[in-house]
Amino acid sequence: MKVGFGVPVSGSWATPENMRRIARRADELGYHGVWTFQRLLYPVGNPMGPVYRSVHDPVVTLAYLAGVTERVRLGVAVLNLPFVSPVLMAKQLATLQEVSGGRLDVGLGLGWLPEEFAASGVPMERRGRRGEEYVGLLRRLWTEDVVEHKGEFYEVPRSHQDPKPATPPTVMLGGTARVALERAGRIADGWISSSRADLDTIDQQIAIVKEAARQAGRDPGALRFVVRGVTRVRPAEEGPLTGSYDKIRRDVEALAAKGVTEVFHDLNFDPEIGSPEADPRESMRRAEEALEALAPR
């Protein structure tokens, strides 16, 4: 089991200095990766909760952290692919892969917030078909000398897009519906769970992804299964990845037994930390304590 950590991207503690401190210390402690997430808008009156109220851009954040870390991998879970063209995303991620020395892990999602689709000028309909075309086009832009594409959703005139990454970024897909899980097994390098995933039954979702990979002639053992760990250090409370440090470590071990290959502890999703109203000094104190206590052994 590989263990990662979410850097401060949401709420009052999400400052450049705190991002740098967490990422550098995670690098020193041997964490496998540091992770970000995306939220474009917080519609007025939406009940999503404080974690989504104030969120930095994940790609810019990872580019910043690429320059202040050396070994730790850099992940986003997830970028919602409908909101930008595949040509733009391919260019940005190829550059980030190069400036980071090949450390990029990309989670892609289809989006779920209607207001973000409206503001981006794209329809919510046929997201799954759009996603399949998008991922295929990304891979072509990263590997083929000349790309020409005319699909259902995107068109690329016969073109070069250089420089190409020496090694293409890892691409994993999110999603919880059966069709999304099967898509991950067919075309992606792995699957990333959402912040609302039922971790007690996650082995069932992993099994769907693996079976789809088998049916597509792919090796299910080569896939990564990453859990966004909504981690709450609350000794008096119970729940997945909630409780004392010993309890949280036992929960991570239980996830490994269910087929999860990586967990990253994300304190951004604790409203006592990842909220605009939280005390940033106290949030960092708690986060740095957790970073030390939950470090890979």
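**Questions on a predicted model**

Colleague: Which residues does UniProt give for the feature "domain: Luciferase-like"?
Modeller: The model is predicted. The feature name comes from UniProt, from an unreviewed entry. In the model the span is 38% helix and 19% strand, and its end C-alpha atoms lie 26 Å apart. UniProt places the feature at residues 14-237.

Colleague: Which elements do the buried residues of α3 pack against?
Modeller: Helix α3 covers residues 86-99 and reaches 20 Å from its first C-alpha to its last. Its buried residues are Pro86, Met89, Ala90, Leu93, Ala94, Leu96 and Gln97. Seen down the axis, they fall within an arc of 165°, so they line one face of the helix. They pack against α2 (58-66), β3 (73-80), β4 (104-109) and α5 (127-143).

Colleague: What phi does Gly101 take, just after α3?
Modeller: Helix α3 has 14 residues, 86-99. Gly101 comes just after α3, and its phi is positive, about 75°.

Colleague: Which element gives the most to the lining of the largest pocket?
Modeller: The largest pocket has a volume of about 670 Å³. Of the 33 residues that line it, the closest to its centre are Val78, Trp112, Gly174, Gly175 and Ser194. At least two lining residues come from each of β3, β4, α5 and α6 (178-187). With four residues, the element that gives the most is α5.

Colleague: What is the omega of the peptide bond from Ala77 to Val78?
Modeller: Val78 sits in strand β3. It is also among the residues closest to the centre of the largest pocket. The bond from Ala77 is cis, with omega near 5°.

Colleague: Where does Pro163 lie?
Modeller: A cis peptide bond joins Asp162 and Pro163, with omega about 0°. Pro163 lies in the loop between β6 (155-159) and β7 (170-173).

Colleague: Is Arg126 buried or partly exposed?
Modeller: Arg126 lies in the loop between α4 (114-120) and α5. Its phi is positive, about 60°, although it is not a glycine. Buried needs under 20% relative accessible area, and exposed needs over 50%. At 47%, Arg126 counts as partly exposed.

Colleague: Is Leu241 buried or exposed?
Modeller: Leu241 lies in the loop between β10 (232-233) and β11 (242-243). Its phi is positive too, near 55°. Its relative accessible area is 1%, so Leu241 is buried.

Colleague: What is the relative accessible area of Phe5?
Modeller: Phe5 lies in strand β1 (residues 2-6). Beyond its neighbours within four places in sequence, its contacts include Ile22, Tyr31, Trp35, Phe264 and Leu291. Phe5 is buried, with a relative accessible area of 0%.

Conventions. Residues numbered from 1 in each chain as written. Predicted model: local features only at pLDDT ≥ 70, side-chain atom pairs only at ≥ 80, totals over all residues. Heavy atoms only, no water. UniProt positions renumbered as here; feature names shortened; annotations may be inferred. Expected span 1.5 Å × (residues − 1). Buried < 20%, exposed > 50% of the residue type's maximum accessible area, 1.4 Å probe, protein only. Arc of directions from axis to C-beta. Contact = heavy atoms within 4.5 Å. 1 Å grid on protein atoms, 1.4 Å probe; cavity = no way out; pocket = protein on both sides within 12 Å on 5 of 7 lines; lining within 4 Å. Points joined across faces, edges and corners; volume = space filled by probe spheres on them.
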